Each structure stands twice: as structure tokens, then as C-alpha cells.
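Me: I would like to go through a structure together. Could you take me through the fold and the contacts?

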Amino acid sequence: MTALVTGASSGIGRDIARKLGSRGVRLIITGRDRKSLEDLRQEIGARRVKIITADISRRDECLRLYREASAYGVDILVNNAGFGLYGKFSVTELDRELDMIDVNVGAVHILTKLFLRDFSARDKGYILNVASIAGFMPGPLMATYYATKNYVVRLTEAVREELRCQRSGVYIGAFCPGPVDTHFNSTAGVKFALRGISSEYAAECAVRGMFARKALILPTPSVKAAVIASRFIPDMLLAAVTRLFQSRKG
């Protein structure tokens, strides 16, 4: 099997690539940091890893990535690349938010659609979309990030139902962690309000859940409880609670 992992230069994406590599999966890793990707390639084994550098905030780069990766016969797509931004919606930087939408939503949409067509034609394949617990609630002070993860969760759920109705052999699921100890928060400009799980543990949960064909992969009891609670709490109250939680990150 061959897996394409986006955002593989650090964090969860890097550790998902490691976990897949340890299972004997051949890898195509992508990101913008060539040196970090090269280091990961040497660690896993140069003969089993292909690097494709790409800036997937750009549509043409997503299409190029698809064309180049397809030539190697991709069986698993892991849409992991993404980032956040902290601050009031009225003052956060527009260009940074548009880049976030392009990566967190646009790239996921493009790559999911294109590889899904290939997988459907073969009636097999795996698509794992890395979302977040943020995908189940509004997110004051990280409004755009939460909205992008809502998109990822709902897109994944909708496509999964289409595949179920077609009795397709293709898997699609969403990995939805809470806080994870990575560079995400420093990039977003926040600090953890709660202790996060390790990136390695998150990756192990994600890979195991994918091969178990779980619709939603929720790595801890607290995340599971929060997702269940979000379905019963009125939206206005949920937004207020989330704002209080987010305000502790600043």
C-alpha cells in the first residue's frame, strides 16, 4: 500500500507517516519544509519514502500534488495539513485567514474529491481527514479555524453516507482530537488551556481508527464526552462556553 500524507513535516502528520511506515506502508510525504521532509525520509527509510514539496494553500499546487502522487498508485490519503489563528474576528488578519481556509478547507476538498474518484473506480482505498473537536462547535476567538473544521467534519460525514448507500469499499473518516502537544498553538498564537495528548499517541489513535474504518475517531474519553455534549447544548450556550475556554488561551 502507498499513502499520501499532507503536512508531514511536523506534528501529527509526521507521526502518522511514522506509524504508517512502521506498518510497511510506502509513503509520499508533502509539505513546504524540504529539510524536515528529508529528515523524516531518512528516518523511515529513503527507499520507501517519496517527497513532493507543495504549497497546498494554492489550487494549482493541489492539482500538481494530485497528478504527481497519482503516478505512484495512492491507496491511502491523509489530509492532515492545517493551521489556526487566535484573536477576535474583527481584528485578525484577513490574508492569514484566507490562507487558512485554502489549506484547511480548499486543499481537503480538492484532494478528497480527486482521490475519491480514483478509489471509487477501484472500489477500495482509505481517506482520513484530520479535523478536530472544534468541528462540532462554534469557536469565538478562533472563529475561522473552528468553521474550517466544521466543514471538514460535515464533508466527511456526508461523503461517508454517499459511500454507504453505494455499498462502496472505500473508507472515509475524520480524526477529531482535542489539544495535541505540537507547534499548532504557537503557530496559532495561543497556549494550551488544558494539557494536550502527545502527537505520537494522537497518530496511533488516528491510524488504528482508520484501519478499523471508524467514522469519527475520538482519541480520549474527554473528547468523546465533549462531542456528545455538543449535540445537546443549545448553540448560544455552546458558543459562550467555548469563548470562555478559548479566552484562557490568550
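**Overall fold**

Reply: The protein chain has 9 helices and 9 strands; helices (H or I, at least four residues) and strands (E, at least two) are DSSP runs, numbered from the N terminus. This is a predicted model, in which local features need pLDDT of at least 70, side-chain atom pairs count only at pLDDT 80 or more, and totals for chains, interfaces and linings use all residues. Residues are numbered from 1 along each chain as its sequence is written, and side-chain values use heavy atoms, with hydrogens and water left out.

Me: What radius of gyration does the protein chain have?
Reply: The value is 17 Å, which agrees with the figure near 18 Å for a compact globule of 250 residues. The radius is taken over C-alpha atoms, and the globule rule is 2.2 Å times the number of residues to the power 0.38. Along its principal axes, the C-alpha trace spans about 50 × 45 × 30 Å.

Me: How many of the residues count as buried?
Reply: Of the 250 residues of the protein chain, 50% count as buried. Buried means under 20% relative accessible area, exposed over 50%, and partly exposed in between (1.4 Å probe, protein chains only).

Me: Now the sheet. What is the strand order?
Reply: The order is 3-2-1-4-5-6-9, in an open sheet of 7 strands with parallel pairing. Strand 3 (49-53) and strand 9 (216-217) stand at the edges with a single partner strand each, so one side of each has no neighbour in the sheet. Two strands pair if DSSP finds at least two bridges between them.

Me: How many bridges join strand 4 to strand 5?
Reply: There are 4 bridges between strand 4 (residues 76-79) and strand 5 (residues 125-130), which run parallel. Isoleucine 76 stands opposite tyrosine 126 in strand 5.

Me: Which strands does helix 7 lie across?
Reply: Helix 7 (residues 199-211) lies across strand 4, strand 5, strand 6 (170-175) and strand 9, at about 150° to strand 6. Helix 2 (residues 34-44) lies across strand 2 (26-31) and strand 3, and runs at about 175° to strand 3. Axes are lines fitted to C-alpha atoms, for helices over the stretch in contact (heavy atoms within 4.5 Å). The angles run from 0 to 180 degrees between N-to-C directions.

Me: And helix 5, how many residues has it?
Reply: Helix 5 (residues 143-165) has 23 residues and reaches 33 Å from its first C-alpha to its last, close to the 33 Å expected at 1.5 Å a residue. That expected span is 1.5 Å times one less than the number of residues. Its buried residues include Tyr145, Val152 and Leu163. Arginine 167 follows helix 5 and has a positive phi, near 55°.

Me: Changing topic, how many aromatic pairs are there?
Reply: The structure holds 5 aromatic pairs. In tyrosine 66 and phenylalanine 115, the ring centres are 5.0 Å apart and the planes stand at 80°, so this pair is edge-to-face. Rings of Phe, Tyr and Trp (its six-membered ring) pair if their centres lie within 6.5 Å; planes under 30 degrees apart count as stacked, over 60 as edge-to-face and the rest as tilted.

Me: Where do tyrosine 66 and phenylalanine 115 lie?
Reply: Tyrosine 66 lies in helix 3 (residues 59-70) and phenylalanine 115 in helix 4 (residues 94-122), so the pair ties together parts that are 49 residues apart in sequence. Tyrosine 66 is buried at 18% relative accessible area, and phenylalanine 115 is buried at 1%. Tyr66, Phe115 and Phe119 form one aromatic cluster.
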